[in-house]
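Biologist: Hey, got a few minutes to walk me through this one? I'm new to it and would like to poke around.

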Amino acid sequence: MKAGPDIAMIAALVGDPARANMLMALMTGRALTASELAVEAGITPQTASSHLSKLEAGGLLEQEKQGRHRYYRLSDPDVAGLLEGLEGVAARAGHMRVRTGPKDPALRHARICYDHLAGDLGVQMLDSMKKQRLLRQSKQAIELTVEGKRFLADSLQISAETLTHPRRPLCKACLDWSERRHHLAGTLGAAMMTRFTELKWAARDTTPGSRVVNFSRTGEKRFAALFGDAE
């Protein structure tokens, strides 16, 4: 009997098409009800309930009760990282969903990856921060420098000291499925995305299930001033 983590169990949970659709719907970072997830998966509420129980038992989902409703979300940012990585493998192998259209370029330009910025702009931001020596990266390990802490405080009013989390790193490299390079995850990546929204530089697309992040013209200019021109 082999020792170590059982990846077959996780792969089996993610590999079912209905469960995969429900998990991908939760990549927006929003919590959804079982009924909403059933619609995303194209299955009956009863079938969805069975799938959700399996995903929760497998540690991929967690639920939150609010009044008479139960909401489901991904249990951990690592689950989002796993799904983003699988998207990259699927795209590289040519296994694409047939739902391209006007939103597809927007999805590749800027999108939410659970709670942080991904796509062209997400990769650009990480590249720029490394070039400016605000971050140091060795493989997937990323460290915020002293210059980086000063930059965050002065340019975005983010205090790095407030971002510590017992189960989540400050900085983490997340492999971007469309760019196939890393963007910035971790509590810092989440805080920066939140700050862009607070400053009204960017806003989430309001279409249900959309992961697109739309930057305003002013937001694009301010972003480019800090992290290089997107052109």
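**A walk around the model**

Modeller: Sure, and keep in mind that this is a predicted model. Let's begin with proline 169: setting aside neighbours within four places in sequence, proline 169 is in contact with Gly186 and Thr187.

Biologist: Where is proline 169 found?

Modeller: Proline 169 sits in the loop between α8 and β8. Its relative accessible area is 39%, so proline 169 is partly exposed.

Biologist: And how far apart are proline 169 and arginine 73 in space?

Modeller: They are 20 Å apart, C-alpha to C-alpha, and 96 residues apart in sequence.

Biologist: OK, back to α8. Which of its residues are buried?

Modeller: Helix α8 covers residues 146–156, and its buried residues are Gly148, Phe151, Leu152 and Leu156. Around the axis they cover an arc of only 100°, so they end up on the same side of α8.

Biologist: What is exposed on the other side of α8?

Modeller: Val146 and Asp154 are exposed there.

Biologist: What do the buried residues of α8 pack against?

Modeller: They pack against β7 (141–144), α9 and α10. Right after α8 comes glutamine 157, which has a positive phi, near 55°.

Biologist: Is there a general rule about phi?

Modeller: Most residues other than glycine have a negative phi. Two arginines here go the other way, and I'll take them in turn. Arginine 133 has a phi near 60°, a positive value in a residue other than glycine.

Biologist: Where is arginine 133, and is it buried or exposed?

Modeller: You'll find arginine 133 in the loop between α7 (120–131) and β6 (135–138). With a relative accessible area of 66%, arginine 133 is exposed.

Biologist: And the other arginine?

Modeller: That's arginine 180, with a positive phi of about 60° although it is not a glycine. Arginine 180 belongs to the loop between β8 and β9 (182–185), and at 43% relative accessibility it counts as partly exposed.

Biologist: Switching topic: how many aromatic pairs are there?

Modeller: The count comes to 7 aromatic pairs. Take phenylalanine 196 and tryptophan 201: their ring centres are 5.7 Å apart and their planes are at 15°, so this pair is stacked.

Biologist: Are those two rings buried or exposed?

Modeller: Phenylalanine 196 is buried, at 0% relative accessible area. Tryptophan 201 also counts as buried, at 7% relative accessibility.

Biologist: How are the rings of phenylalanine 196 and phenylalanine 227 arranged?

Modeller: The ring centres of phenylalanine 196 and phenylalanine 227 are 6.4 Å apart and the planes are at 70°, so that pair is edge-to-face. Phenylalanine 196 lies in α9 (residues 186–198) and phenylalanine 227 in α10 (residues 217–227), so the pair ties together parts that are 31 residues apart in sequence. Both phenylalanine 196 and phenylalanine 227 are buried.

Biologist: Which residues form the aromatic cluster?

Modeller: One cluster is made up of Phe151, Phe196, Trp201, Phe215, Phe223 and Phe227. Phe151 came up earlier, as one of the buried residues of α8.

Biologist: Let's try another helix. What's buried in α3?

Modeller: In α3 (residues 34–41), Leu37, Ala38 and Ala41 are the buried residues. Looking down the axis of α3, they fall within an arc of 105°, so they line one face of the helix.

Biologist: What does that face pack against?

Modeller: The buried residues of α3 pack against α2 (17–25), β1 (32–33), α4 (45–57) and β3 (69–74). Just after α3, glycine 42 has a positive phi of about 70°.

Biologist: You mentioned α4. Where does histidine 51 come in?

Modeller: Histidine 51 is in helix α4, and it is buried, with a relative accessible area of 11%. Apart from neighbours within four places in sequence, histidine 51 is in contact with Asp16, Ala18, Arg19, Met22 and Ile43.

Biologist: Last thing, pockets. How much space lies in the second largest pocket?

Modeller: About 260 Å³. The lining has 16 residues, and Gly81, Leu82, Lys172, Ala173 and Cys174 lie nearest the centre of the pocket.

Biologist: Which element gives the largest share of that lining?

Modeller: α5 does, with 6 residues. Both α5 (77–92) and β8 (172–175) supply at least two residues each.

Biologist: And what's the lining like by class?

Modeller: For the second largest pocket it's 8 nonpolar, 5 polar and 3 charged residues.

Technical notes: Residues numbered from 1 in each chain as written. Predicted model: local features only at pLDDT ≥ 70, side-chain atom pairs only at ≥ 80, totals over all residues. Heavy atoms only, no water. 1 Å grid on protein atoms, 1.4 Å probe; cavity = no way out; pocket = protein on both sides within 12 Å on 5 of 7 lines; lining within 4 Å. Points joined across faces, edges and corners; volume = space filled by probe spheres on them. Helix = DSSP H or I, 4+ residues; strand = E, 2+ residues; numbered from the N terminus. Nonpolar A, V, L, I, M, F, W, Y, C, P; charged D, E, K, R; others polar. Buried < 20%, exposed > 50% of the residue type's maximum accessible area, 1.4 Å probe, protein only. Arc of directions from axis to C-beta. Contact = heavy atoms within 4.5 Å. Phe/Tyr/Trp six-rings, centres within 6.5 Å; stacked < 30°, edge-to-face > 60°.
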